[in-house]
Amino acid sequence: MIFTCDNCGFIFSRSEETEQCPDCGKYEVRPANETEQKEFSERMAELSRSEHSEKPRIPNIEDAELSMFSSFSFRLPATALQIDSSMIVDIVVEYGENPANKSDLAGNVWVRQEGGMTSSFLMPIHLPAKPDEAPREQVNRIFASLNGDDAFRTKLFNFIIQRPKMEGGAENG
C-alpha cells in the first residue's frame, strides 16, 4: 500500500496500514491518490535503474541472446609464405550472419602455432551474404577471399616471423 503524509509530503509504501509518517513522525498519513502513486512508482523505477546500472549484472540463461556461428580450420606451413621455417600454423575462421546487418557474412580469423596453447586474433572478415547459400559454399567463398587477400598474407607473415624460437630448434607459440 502506498501512503502520503499531509504534513511533509513524503510518499512511502507499507505492507500494512499505518498512521505515522516514517519521515517526520506526524500522524497525518492517508492513502496516496492516483497521482501520488504514479510519482512513487516512477521514483522507485528510477531508483531501481540507477542501482542496477552501477552494479554489473550477470544475466541468467533466459536473458542470453544466442548467435549461431560456423567455423572451419586449416593448417599452413610457414614455407607457403616463403619463410624458411619448419613452423606450421593452425588457422581457424569463425563466421556467421552479422546480427547488425543481415546482408553481411562476418567472421574472425584466429591463428596459433601448431601445438600452441593460445590463439591470436588475426583479422575480421566481411563478405556479402548470399541468400540460401550452403555452408560448404560459404566456406569456399571465405577461403578464396582469404587466399586472395594481401592483408591476410601480411598479418600471417608477421605472426610467423614474430614467434620466438624454442630450445631444441622448434618454434614457440
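I began with phenylalanine 74 in this predicted model, and its relative accessibility of 17% makes it count as buried, because the cut-off for buried is under 20%. I then looked up phenylalanine 143, with which phenylalanine 74 forms an edge-to-face aromatic pair, the centres being 5.0 Å apart and the planes at 85 degrees. I noted that this pair links distant parts of the chain, since phenylalanine 74 lies in strand E4 and phenylalanine 143 in helix H2, 69 residues apart. Phenylalanine 143 itself is partly exposed, with a relative accessible area of 39%.

Next I checked phenylalanine 72, which is buried at a relative accessible area of 12%. I counted six aromatic pairs by the ring rule. In one of them, the rings of phenylalanine 72 and phenylalanine 74 have centres 6.3 Å apart and planes at 20 degrees, so I recorded the pair as stacked. Ring pairs join Phe72, Phe74, Tyr95 and Phe143 into a cluster.

I turned afterwards to helix H3, residues 150-161, and asked which of its residues are buried. I found Phe152, Leu156, Phe159 and Ile160. Seen down the axis of H3, these buried residues fall within an arc of 95 degrees, so they line one face of the helix. Among the elements that cover them I listed strands E4, E5, E6 and E7 together with helix H2.

I also compared the length of H3 with expectation: at 1.5 Å a residue its twelve residues should span 16 Å, and the end C-alpha atoms are 16 Å apart, which agrees. At the start of H3, a side-chain oxygen of aspartate 149 comes to within 2.8 Å of the backbone nitrogen of alanine 151. Lastly, I saw that the charged end of arginine 163 sits over the ring of phenylalanine 159, 4.1 Å from the ring centre.

Definitions and conventions:
Residues are numbered from 1 along each chain as its sequence is written. This is a predicted model: local features need pLDDT of at least 70, side-chain atom pairs count only at pLDDT 80 or more; totals for chains, interfaces and linings use all residues. Side-chain values use heavy atoms; hydrogens and water are left out. Helices (H or I, at least four residues) and strands (E, at least two) are DSSP runs, numbered from the N terminus. The expected span of a helix is 1.5 Å times one less than its number of residues. Buried means under 20% relative accessible area, exposed over 50%, partly exposed in between (1.4 Å probe, protein chains only). The arc is that of the directions from the helix axis to the C-beta atoms. Contact means heavy atoms within 4.5 Å. A polar contact is a pair of N or O atoms within 3.5 Å; within protein, one must be able to donate a hydrogen and the other to accept it, and residues adjacent in sequence count only if both atoms are side-chain atoms. Rings of Phe, Tyr and Trp (its six-membered ring) pair if their centres lie within 6.5 Å; planes under 30 degrees apart count as stacked, over 60 as edge-to-face and the rest as tilted. A charge sits over a ring if NZ of Lys or CZ of Arg is within 6 Å of the ring centre and within 35 degrees of the ring normal.
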